[in-house]
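Open your viewer, switch to a cartoon view, and let us walk through this model one selection at a time.

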Amino acid sequence: MGKNARQTSRLTAKSTLKPARNPKEESLATTADVLGKKLVTFAEPTKTPESGNARVISVVNQKGGVGKTTTAINLGAALAEVGRRVLLIDFDSQASMTTGLGIKGAALREQYGSIWYLLNDSEAKLEDFILKSTVPGLDFIRGHEDLAAAEAAFVSEIAKEHKLRKLLAPVLDKYDVILIDCSPSLGTLTVNALTASNGVIIPMECEYFAVLGLSLVKKTIQKIKENTNPELQILGILATMFERKTSHSREVLELIDKEFPDEVFDTIISRTVRFSESTVAGVPVTAYASSSSGSASYRRLARELIARGGAK
Ligand SMILES: Nc1ncnc2c1ncn2[C@@H]1O[C@H](COP(=O)(O)OP(=O)(O)OP(=O)(O)O)[C@@H](O)[C@H]1O
Ligand SMILES: [Mg+2]
């Protein structure tokens with residue numbers, strides 16, 4: 001089967017003919033639309049899934065500022081909106097996710113209860129430190145700047161790659177999805193996140209240099225599969241900061257679709273100032289600007305992820 005036929009059948013199998021619910025969605029850029037392929041829509045997930053056994057998903061790219069944190073927060077919020085119980089883990093010493101969920105100042109500097117605190121105190125139980133966000137169904141564990149020391153602190157530990165997996169095990173039954181926001185590195189922390197995960201989402205800015213970094217992420221994922229987590233799956237590469245008006249964005253999308261034909265999400269996240277604004281406001285964009293195209297895109301991504309089997 002030729003590549004294009006393969007692509008079409010994959011998309012057809014996972015799609016439905018239902019029209020998009022949100023009229024805003026009709027104007028969203030999608031991979032199929034931009035690349036002139038058959039358009040697809042994803043069904044509204046109606047049923048709440050069987051409870052328990054959360055799917056753990058890492059949001060990873062060693063390149064900085066590509067939309068990892070924005071994706072973790074807003075995909076998490078969109079999944080919560082369709083009834084999924086979601087836990088976000090801020091696994092980056094920049095603690096941007098924690099800030100984006102409204103924790104600032106002295107509370108942000110507090111180490112007690114952060115993921116770094118939990119990794120270091122063998123008596124501490126993660127379930128005792130879960131925080132509620134302003135979105136119903138969306139919980140999180142705080143990050144802390146001291147997490148930066150983890151790379152050095154873990155060096156001499158036995159089974160260091162499994163620390164996060166062990167920490168999450170007791171809460172898997174309480175959630176449908178656990179999203180881990182990783183730092184822009186492929187070091188020990190990200191190895192921990194990937195070892196604890198069922199799947200990976202790779203946000204990628206629609207910019208040429210970003211394409212070059214993708215093979216490094218993929219090599220790391222392959223190493224994890226060979227060494228600590230054979231079940232790990234790439235759930236998709238997510239094109240972010242897409243600009244419809246520039247041919248550069250389209251060329252980059254063409255390139256990644258050619259190189260990784262089965263892995264590019266149909267949903268694209270366009271560039272919009274709403275994301276930075278919602279971070280300052282300390283809430284997901286789905287709450288800050290519910291009817292914006294940014295919100296519609298992440299809601300569509302949530303549906304696509306469920307349709308592809310990446311989340312329940
Ligand atoms: N689609 C988008 N359009 C415009 N701005 C965006 C978009 N996505 C994210 N941003 C903004 O770009 C900046 C970087 O995004 P984000 O923090 O999500 O990236 P990151 O990959 O998590 O960065 P880091 O590698 O530093 O953790 C933030 O200010 C965010 O608000
Ligand atoms: Mg980040």
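Before the first stop, one cut-off is handy: helix pairs whose axes meet at 65 to 115 degrees count as roughly perpendicular. Keep in mind as well that you are looking at a predicted model.

**The whole protein**

Start with everything shown. The secondary structure comes to 14 helices and seven strands. If you draw a box along the principal axes, the C-alpha trace spans about 55 × 40 × 40 Å. For 312 residues, a compact globule would have a radius of gyration near 20 Å, and the 19 Å of this protein therefore agrees with that expectation.

**Stop one: α3 against α14**

Now select residues 68-81, which form helix α3, together with residues 293-307, which form helix α14. At what angle do α3 and α14 pack? The angle is about 70°, and their axes lie 8 Å apart. The two helices are therefore roughly perpendicular to each other. Rotate the view to look along the line joining them, and check the hand of the crossing: it is right-handed.

Next, show side chains at the contact. From α3, pick N74, L75, A78, L79 and E81; from α14, pick Y298, R299, L301 and A302. Colour them by character and you get six nonpolar residues, one polar and two charged.

**Stop two: ligand 1**

Keep α3 on screen and bring up ligand 1. How many residues surround ligand 1? There are 19, and the closest are G64, K68, T69, T70 and P184. Helix α3 appears again here: α3 and α12 (274-281) each supply at least two residues of the shell. Colour this shell by character too, and it divides into five nonpolar, 11 polar and three charged residues.

**Stop three: α10 beside α11**

Finally, hide the ligand and select residues 208-227 for helix α10 and residues 247-259 for helix α11. Their axes come within 9 Å and cross at roughly 15°. That angle is why α10 counts as roughly parallel to α11. Here α10 passes α11 in a right-handed crossing.

Zoom in on the side chains where the pair meets. Y208, V211 and L214 in α10 face V252, L255 and I256 in α11 as contact partners. Which classes does this contact contain: nonpolar, polar or charged? It has six nonpolar residues, no polar and no charged.

To end the tour, put both contacts side by side: the one between α3 and α14 includes two charged residues, while the one between α10 and α11 has no charged residues.

Note on methods: Residues numbered from 1 in each chain as written. Chains lettered and ligands numbered in written order. Predicted model: local features only at pLDDT ≥ 70, side-chain atom pairs only at ≥ 80, totals over all residues. Axes fitted to C-alpha atoms, helices over the stretch in contact; angles between N-to-C directions. Helix = DSSP H or I, 4+ residues; strand = E, 2+ residues; numbered from the N terminus. Parallel < 35°, antiparallel > 145°, perpendicular 65-115°, else oblique. Left-handed = near helix turned anticlockwise from the far one by under 90°. Contact = placed C-beta atoms within 7 Å. Nonpolar A, V, L, I, M, F, W, Y, C, P; charged D, E, K, R; others polar. Near = placed C-beta within 6 Å. Rg over C-alpha atoms; globule rule 2.2 N^0.38 Å.
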